[in-house]
Amino acid sequence: MADYRKMWSDLGMDLEKHDLLCEALPDAFGAIYMSQENRPEGMDFFNFVVSEIHGVRPAELIEHQKNGGKVFGTFCVYVPDEIIFAAGGIATGLCGGSQFWVAGGEKVLPANTCPLIKASVGARLDGTCPFFKIADMYIGETTCDGKKKAWEILQQEVPVYVMDIPQMKREKDILAWKEEIRLLLKRIEEFTGNKVTPEILAEKIKMINNKRKALARLYNTRKSSPVPISGKDALLVTQIAFYDDPVRNAEQVNKLCDELEARIAKGEGVFPKNAPRILITGTPMAIPNWKLHHIIETSGAAVVVEELCTGTRYFENLVDESGKTLDEQIKALAERYMKTNCACFTPNTGRIDDILRLVKEYHVDGVIECNLQFCGLYSTEAYLVQQKLKEADVPYMHLETDYSEQDLEQIRTRVQAFIELLEK
Amino acid sequence: MVKIYFTGIDIGSSSAKAIVLDETNKIVHKFILPTGWSSLETANSIKEKLAQVDMEYANGKFVATGYGRVSVPYAVKTVSEITCHGMGAAYLFNARDCTVIDIGGQDTKIISLSQGKIVDFIMNDKCSAGTGRFLEIMANALGVSLSEMFDLAATGSGVSISSMCTVFAESEVISLIASGQPKQNIAYGVVESVINKVISLCGKHASSNTSFYLTGGLCESNYIIESLSKKLGFPVVSSPLGRYAGAVGAALIAKSLK
């Protein structure tokens with residue numbers, strides 16, 4: 001990695017502690033990623049992004065701030081990036097996916113908080129992630145109780161604007177979400193000092209749609225057998241899409257897809273044709289959480305699709321681009337975002353429909369549901385998911401885990417047994 | 001003609017089991033030893049022991065299972081203990097459609113078989129509540145052996161252990177001892193808590209099977225078998241060979257390998 005110590009120090013980060021993270025990441029990435037065989041060349045860009053994870057992109061964000069721009073940190077796929085970019089801001093995903101940050105979060109949060117929230121709060125309070133320090137404002141949402149209260153703690157450090165997510169999807173809830181997007185637009189205009197016009201919002205809607213289309217194209221290649229890219233690599237690309245520049249990201253993903261489509265034409269893949277094909281569903285896997293994918297793909301199966309926030313929920317459904325006025329555009333945004341299915345809604349049968357559809361589209365042999373520990377919403381919904389999948393005769397397994405490595409072998413045993421069951 | 005033997009080795013968290021099958025699927029040799037500190041040393045001493053009995057055993061084909069399965073250098077294949085326990089139980093109990101309850105050292109598994117094949121399974125979460133280890137720690141806190149604790153439990157009543165976590169449950173047991181609660185009642189509470197945990201796993205598992213078999217280290221405890229039967233509403237069957245189920249399954253897989 002190039003030398004970014006001055007930048008980190010200017011951000012007020014804890015350099016000594018941060019060094020520990022910088023030392024650990026290359027080893028972990030090497031063991032999990034670089035050990036894979038026959039990786040697509042198009043992954044080089046994404047490898048580079050990870051190798052400079054706390055350098056290159058943060059430097060770009062700081063450059064943007066020097067030119068008078070604002071940076072907004074987000075934590076959820078319901079927060080409309082289009083609005084932020086239309087007001088001249090940059091949106092960057094902030095979810096913490098490493099055990100490294102958990103201890104910092106535990107200093108202020110109850111033990112039975114999910115590791116994603118602990119890591120996110122810890123990354124900010126400990127000053128060990130530049131993205132958390134750079135963001136001028138965080139955009140929170142009310143997707144769960146843990147997050148709602150965490151915003152109040154983070155608010156003591158950094159301005160946090162919270163969007164009120166409806167809990168149901170009736171007509172009036174979609175209207176309420178439209179109103180929430182309008183309020184967000186107003187707040188962001190105030191904060192950046194820029195006015196959002198229908199022309200610029202139309203442009204940004206197209207820009208984010210293009211990123212979605214690129215990711216959809218990537219996932220589409222994974223429907224082939226043999227699969228041309230590992231689940232681990234596809235997950236990494238998706239994770240990076242949350243914080244990289246959206247235009248560059250779409251370009252790089254499309255470039256990778258050119259290569260993958262050529263592989264498909266030649267019948268090449270990264271796993272044997274008969275390797276069991278796994279769908280992962282459940283709670284998000286924020287970078288650098290590659291735990292489950294690594295276990296599955298080193299136990300003889302391939303992950304071919306993720307029904308996760310870091311998966312299909314992020315890119316499925318496009319925003320209608322035909323809106324001419326801000327009101328029409330905001331309505332189109334509200335409608336698109338409310339199509340995403342999260343366990344924070346009741347009922348949430350759309351998610352089960354999605355899983356059943358993806359099982360068919362991706363020729364899935366078995367579904368593994370993985371919830372972060374203490375996510376009551378997803379672990380409760382798992383009961384219903386299991387019920388429906390059983391009815392449809394789709395093998396299913398439910399796991400609950402956190403970011404630590406202490407249960408690695410227990411999870412491996414279960415995953416191995418599940419794969420043995422599919423191989424028969 | 002030289003006979004070929006097939007050995008399954010199940011290195012569990014507390015004990016290691018070995019089963020030798022001949023070409024007719026007959027168990028010709030079996031033994032059990034503590035796993036100890038090093039799975040690798042245990043694996044090597046298993047091979048030495050086999051060689052002492054019959055050189056042909058040591059020259060046979062090996063499949064390893066259990067949490068120490070990766071530490072058996074001479075195994076041609078490793079298979080998860082879930083698959084092995086299911087297959088082993090089907091063999092031992094001559095069952096085709098059944099549910100296997102395995103209370104192991106560090107985990108408890110519920111495995112469903114349909115037409116002799118494993119169709120589904122569930123395991124406890126990563127904590128040790130509802131496992132053999134939990135019972136060992138509690139017996140230790142009570143100053144009795146495992147079988148003594150089961151004997152005590154059979155005459156006790158009225159106490160329930162509410163803590164799910166082993167560490168907290170141990171403190172709870174110590175508080176109960178301090179409060180003068182008779183040992184048999186505490187033993188009863190301890191065993192009940194494990195049985196309840198196992199029953200709730202069975203409930204989550206929701207299979208239509210009505211035949212239940214118990215494998216693992218508690219296979220000879222009549223008290224456990226009776227309590228499980230009562231709570232499940234169906235008879236639970238076990239056998240002294242139940243603790244070898246994983247090793248039997250591994251040996252059967254060794255035989256099926258080409």
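Here is a short conversation about a helix pair and a sheet in a predicted model.

Local features need pLDDT of at least 70, and side-chain atom pairs count only at pLDDT 80 or more. Residues are numbered from 1 along each chain as its sequence is written, and chains are lettered from A.

Student: At roughly what angle do the axes of H11(A) and H13(A) cross?
Tutor: Happy to help! Helix H11 covers residues 198–221 of chain A and helix H13 covers residues 246–266, both being DSSP runs of H or I with at least four residues. Their axes, lines fitted to C-alpha atoms over the stretch in contact with angles from 0 to 180 degrees between N-to-C directions, come within 9 Å and cross at roughly 25°.

Student: Is H11(A) roughly parallel or roughly antiparallel to H13(A)?
Tutor: Angles under 35 degrees count as roughly parallel and those over 145 as roughly antiparallel. The crossing is at roughly 25°, so H11(A) and H13(A) are roughly parallel.

Student: Which strands are the edge strands of the open sheet of four strands?
Tutor: Good one! The order is E6-E5-E7-E8 in chain A, with parallel pairing; strands are DSSP runs of E with at least two residues, and two of them pair if DSSP finds at least two bridges between them. Each edge strand pairs on one side only, and these are E6 (302–307) and E8 (396–401) of chain A.

Student: Which residue in E6(A) is the bridge partner of Ile280(A)?
Tutor: Strand E5 of chain A spans residues 277–282, and five bridges join this strand to E6(A). In E6(A), Ile280(A) has as its bridge partner Glu306(A).

Technical notes: Heavy atoms only, no water. Parallel < 35°, antiparallel > 145°, perpendicular 65-115°, else oblique.
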